[in-house]
Amino acid sequence: MFVCLITWLWLQVGFMYHSLVEDYFTGFKSLHCKGWKSVYLNPSRPQFLGTSTTNLNDLLTQGTRWGSGLAQVLISKFSPLIYGPPRMSLLASMGYAELASFSIYFFPLWCFATIPQLCLLNGIPLFPKVSDSKFYIFVFIFLSSLSKHLYEVLKTGGSIRIWRNEQRIWMIKGVTCYFYGTLNAIMSKLGLSEASFVPTNKADDDEQAKRYLMGIFDFQTSTMFLAPLVTLTILNIVAFFWGVLRMIITGDWEKMFAQVLLSFYILIMGYAIIEGMFVRKDTGRIPPYMTMLSAILSVIFLSLGSIVLMY
C-alpha cells in the first residue's frame with residue numbers, strides 16, 4: 001500500500017513542479033537527472049498516436065502554454081544550465097537548455113522583423129554592400145540555415161511544402177505565443193500573475209476542418225494573436241515597396257539590397273496573412289477591422305521608430 005502510494009504520488013510531474021510542461025520536466029528532473037539513459041528508437045510502425053490542433057487559435061493557445069512552461073523551467077532553480085550539469089552529461093544539459101530556451105526566439109524574430117525595416121524606411125543600411133565580400137558571409141549564413149532545415153524535413157520524409165509551412169509557423173509562433181509565453185513566465189516569477197493552463201480545444205468544427213484539409217489558415221482568433229502578425233506584415237509590405245522604390249529612384253541597389261531581400265522573404269513566408277487581409281472573403285479571413293487597427297499600430301510604430309533612429 002505504501003509503495004503504491006509513493007508510485008501514485010511520483011506519477012503526478014506538471015503543477016507539482018511549478019511547470020506547465022510536465023512531460024519535459026518529468027524527463028529532465030525525474031528521469032535523466034536521476035541516471036536514466038535515452039536511446040534512439042525509430043520503429044517502422046508508429047508507437048503512439050495523438051490528435052493535434054487544426055486551427056490557428058488552438059495552435060497559438062497551445063504554443064503560449066508550452067512557451068510559458070519552458071520559460072518557467074529556464075528561469076527557475078531547476079534550469080538545465082545550472083541543475084543539469086552536476087547530474088547528467090553536458091551535452092544532455094545543453095539539449096534540455098536549448099528546448100527550455102525555445103520561447104525566447106521571440107526576441108531575435110521581433111528584431112529581424114522590425115529593425116532592418118525601420119532602417120530601410122529611413123535610408124540607413126545595416127548590411128554590407130552587395131559588392132562587399134562580407135555580404136556573402138550573411139548570405140551564406142542565411143541560406144545554410146534554411147538548407148539545414150530543408151534537409152532535415154526531406155530526410156524525415158517531408159516535402160518542400162512542409163518545410164515552407166514549418167518556417168511559416170515558426171515565424172508566426174515566434175512573434176506571438178513565444179512572446180506571450182515568456183512574458184507570462186516572467187510575470188509569474190515576479191508574482192505579478194499566475195501561470196494558466198487552458199486545455200487546447202481539439203473538437204472538430206465543420207468549416208474549420210474543411211479549411212484545414214484544404215491547407216487554408218483559419219484566422220478566427222483573438223486580437224492578442226492577430227495584432228502582432230498583421231502589424232508586422234503591414235510594416236514589411238511598406239518597407240519592401242518603399243525600399244524597391246528608393247533603389248529605383250537612387251539607382252543604388254547595393255546598400256539596401258539585403259534589407260529589401262529580408263522583407264521580401266518575410267512577405268513570402270507570410271503570404272497567407274496577406275491573403276487573409278486582402279484576398280479572402282470567407283469567415284476564416286482576417287477581419288477588416290483588424291487590418292485597420294494593425295495599420296494604425298504600424299503608423300505609430302514607424303513614427304516612434306523613426307524618432308528613435310533620428311536621435
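Helix α7 supplies the largest share of the lining of the largest pocket, with nine residues. The pocket belongs to a predicted model, and the space inside this largest pocket comes to about 1,100 Å³. Its lining counts 40 residues, and those closest to the centre are F112, F142, W170, L262 and Y265. Besides α7 (135–155), the elements that give two or more residues to this lining are α6 (106–121), α8 (160–174), α11 (223–250) and α12 (257–269). By class, the wall of the largest pocket divides into 30 nonpolar, six polar and four charged residues.

The second largest pocket is the next stop. About 760 Å³ of space lies within it. Its lining is made of 22 residues, and N165, I169, Y212, G215 and F217 are the ones nearest the centre. Here the largest share comes from α8, which contributes seven residues. At least two lining residues each come from α3 (56–74), α8 and α13 (271–278). The class count of this second lining is nine nonpolar, six polar and seven charged residues. Helix α8 thus appears in the account of both pockets: it is listed among the elements that give two or more residues to the lining of the largest pocket, and it provides the largest share for the second largest.

Stepping back to the whole chain, the secondary structure consists of 14 helices and zero strands. Read from the N terminus, the order of elements is accordingly α-α-α-α-α-α-α-α-α-α-α-α-α-α. The C-alpha trace spans about 80 × 50 × 45 Å along its principal axes. Of the 311 residues in the chain, 41% are buried. The accessible surface amounts to about 18,800 Å², and carbon and sulfur atoms account for 70% of that area. As for charge, the chain carries 24 positive and 17 negative charges, and the mean positions of these two sets lie 7 Å apart.

Two individual residues help to fill in the picture. How accessible is A113, and is it buried or exposed? This alanine sits in helix α6, one of the helices that contribute to the lining of the largest pocket. A113 counts as buried because its relative accessibility is 8%, where the cut-off for buried is under 20%. Between A113 and W163 there are 20 Å in space, C-alpha to C-alpha, for a separation of 50 residues in sequence.

The other residue, S298, belongs to helix α14, which covers residues 288–310. With a relative accessibility of 4%, S298 is therefore counted as buried as well. How far apart are S298 and F219 in sequence and in space? The two are 79 residues apart along the chain, and their C-alpha atoms are 20 Å apart.

Key:
Residues numbered from 1 in each chain as written. Predicted model: local features only at pLDDT ≥ 70, side-chain atom pairs only at ≥ 80, totals over all residues. Heavy atoms only, no water. 1 Å grid on protein atoms, 1.4 Å probe; cavity = no way out; pocket = protein on both sides within 12 Å on 5 of 7 lines; lining within 4 Å. Points joined across faces, edges and corners; volume = space filled by probe spheres on them. Helix = DSSP H or I, 4+ residues; strand = E, 2+ residues; numbered from the N terminus. Nonpolar A, V, L, I, M, F, W, Y, C, P; charged D, E, K, R; others polar. Buried < 20%, exposed > 50% of the residue type's maximum accessible area, 1.4 Å probe, protein only. Areas by Shrake-Rupley, 256 points an atom, 1.4 Å probe, with all protein chains shown as cover. Lys, Arg positive; Asp, Glu negative; His and termini not counted. Charge placed at Lys NZ, Arg CZ, Asp CG, Glu CD.
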